[in-house]
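Thanks, everyone, for making the time this morning. Please have the sequence and the model open beside you while I talk, and stop me wherever something is unclear.

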Amino acid sequence: MKKLSICLVLPTLALAALVSAATAQTQSWPSRPITFIVPYGAGGPVDVLARLLAEPMKQALGQSIVIENVTGANGSIGVGRAVRAAPDGYTVSIGNWPSHITNGAIFNLNYDIQKDLEPVARLSANPYVIVARKDLPASNVSELIAWLKANPGKATTGTAGLGSGQHISAVYFQKATGTSMQSVPYKSGSSEVIRDIVAGHLDMSFDQAITALQHVRNGSVKAFAVTTDKRLEAAPEIPSVDEVGAKGVYILTWYGLWLPKGSPKEAVEKLGNAARMALADPAVRAKLATLGQQIPPPEQQTAAALAAYQKAEIEKWHPLIREAGIKLD
């Protein structure tokens with residue numbers, strides 16, 4: 001009788017395992033929580049955007065979104081974590097111009113920023129704001145340049161690390177104006193930089209509008225210009241660099257979503273649709289506008305649009321970065 005029972009039970013268990021496996025394979029994505037890997041510290045621009053989009057995307061996808069901050073090496077550690085994740089659609093790389101463009105020219109990465117990631121959606125973008133401590137002895141860019149020239153190499157400019165958007169902005173600014181500054185890198189990124197400017201420990205920085213504007217509005221830092229050819233709708237009181245003697249110092253940080261290469265097509269499509277729905281939400285758009293963010297039209301938010309834009313940006317910035325000698329092995 002025992003042998004007979006075992007003979008009956010084993011096929012039953014095998015059949016149950018097969019049914020379970022088949023069910024898992026055919027189960028619609030997503031069936032469990034999704035992780036957004038933010039390659040910078042909490043409170044920084046990418047983190048702010050990720051948390052803003054998480055709630056409306058959660059509603060669209062029917063699953064919660066967990067934010068995981070993986071910092072270091074100007075975002076390359078966090079991106080590497082996403083690249084190495086299982087290509088099942090549950091680990092999303094959210095990043096920006098430094099993490100998914102300039103790092104490819106600055107670091108000897110153990111992954112390819114184009115070949116090892118699947119574009120999902122292009123998100124919003126914003127220029128940088130030239131900000132400084134409140135008591136810095138300059139009230140406009142002309143005076144700032146004069147002060148920097150009178151104190152060569154003495155002023156400190158905070159960055160999120162070698163090759164970060166702040167660093168590249170500062171390099172371009174110095175080249176265009178004939179000034180020199182000390183670059184002070186921070187491992188934790190923009191949030192720590194702006195805190196030290198507010199506290200007076202740093203002289204200045206080129207900070208993204210998404211984090212800088214709140215401090216400009218409350219008067220804790222002074223703003224000199226935005227790194228674009230026109231003023232921001234969210235901060236019309238801040239002039240563009242073209243207006244204040246630093247013409248051509250344009251730099252724009254844009255954001256996107258990627259999945260590990262080989263992720264299911266269903267995950268790419270559903271994540272992209274959820275991101276576009278979030279960007280179309282009036283509350284999200286209003287919040288992004290207050291942060292100085294510019295949202296591209298829907299046809300420029302697709303996976304194909306992100307892939308094309310990323311390729312064009314690599315072709316534009318990598319030669320310039322190499323020419324400037326910005327490299328970290």
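I would like to begin in the loop between β2 and α3, which is where Asn74 lies; and, before going further, I should say that what you are looking at is a predicted model. Asn74 has a positive phi of about 55°, although this residue is not a glycine. Its neighbour in my account, Ala73, sits in the loop between β2 (65–69) and α3 (76–83), and Ala73 too has a positive phi without being glycine, with a value near 55°. Are these residues buried or exposed, or somewhere in between? Asn74 has a relative accessible area of 6%, and therefore counts as buried, whereas Ala73, at 34% relative accessibility, counts as partly exposed.

Staying with backbone geometry for a moment, the peptide bond that runs from Trp29 to Pro30 is cis, its omega being near 0°. Pro30 belongs to the loop between α1 (2–26) and β1 (34–38). A further backbone detail comes just after α8, where Gly219 takes a positive phi of about 80°.

That brings me to helix α8 itself, which spans residues 209–217. Seven of its nine residues are buried, so the helix is largely enclosed by the rest of the structure. The buried residues of α8 are Ala209, Ile210, Thr211, Ala212, Leu213, His215 and Val216.

Now to the internal space. How many cavities of 30 Å³ or more does the structure hold? There are two cavities of that kind, and the largest cavity has a volume of about 100 Å³. Of the 15 residues that line the largest cavity, those closest to its centre are Tyr40, Asn96, Ala160, Ser190 and Gln208. Helices α2 (45–61) and α6 (165–177) each supply at least two residues of that lining. In character, the lining of the largest cavity divides into six nonpolar residues, nine polar residues and no charged ones.

The pockets come next. The largest pocket holds about 190 Å³ of space, and among the residues lining the largest pocket are Pro127, Thr227, Thr228, Asp229 and Tyr250. Which element gives the most to this lining? The answer is α11, with four residues. The lining of the largest pocket is made up of six nonpolar, three polar and three charged residues.

The second largest pocket has a volume of about 170 Å³, and its lining includes Lys230, Arg231, Glu233 and Gln293. There the division is three nonpolar, three polar and three charged residues. Gln294 appears in the lining of the largest pocket, and Gln294 is also listed for the second largest pocket.

Since α11 has already come up, let me describe how this helix packs. Helix α4 (residues 97–106) and helix α11 (residues 303–323) pack at an angle of about 45°, with their axes 9 Å apart. The two helices are therefore oblique to each other, and α4 passes α11 in a right-handed crossing.

I will finish with Val129, which has its place in strand β4 (residues 117–133). With a relative accessible area of 0%, Val129 is buried. Val129 and Thr228 are 99 residues apart in sequence, and from C-alpha to C-alpha they are 9.2 Å apart in space; Thr228, you may recall, is one of the residues that line the largest pocket.

Conventions
Residues numbered from 1 in each chain as written. Predicted model: local features only at pLDDT ≥ 70, side-chain atom pairs only at ≥ 80, totals over all residues. Heavy atoms only, no water. Buried < 20%, exposed > 50% of the residue type's maximum accessible area, 1.4 Å probe, protein only. 1 Å grid on protein atoms, 1.4 Å probe; cavity = no way out; pocket = protein on both sides within 12 Å on 5 of 7 lines; lining within 4 Å. Points joined across faces, edges and corners; volume = space filled by probe spheres on them. Nonpolar A, V, L, I, M, F, W, Y, C, P; charged D, E, K, R; others polar. Axes fitted to C-alpha atoms, helices over the stretch in contact; angles between N-to-C directions. Parallel < 35°, antiparallel > 145°, perpendicular 65-115°, else oblique. Left-handed = near helix turned anticlockwise from the far one by under 90°.
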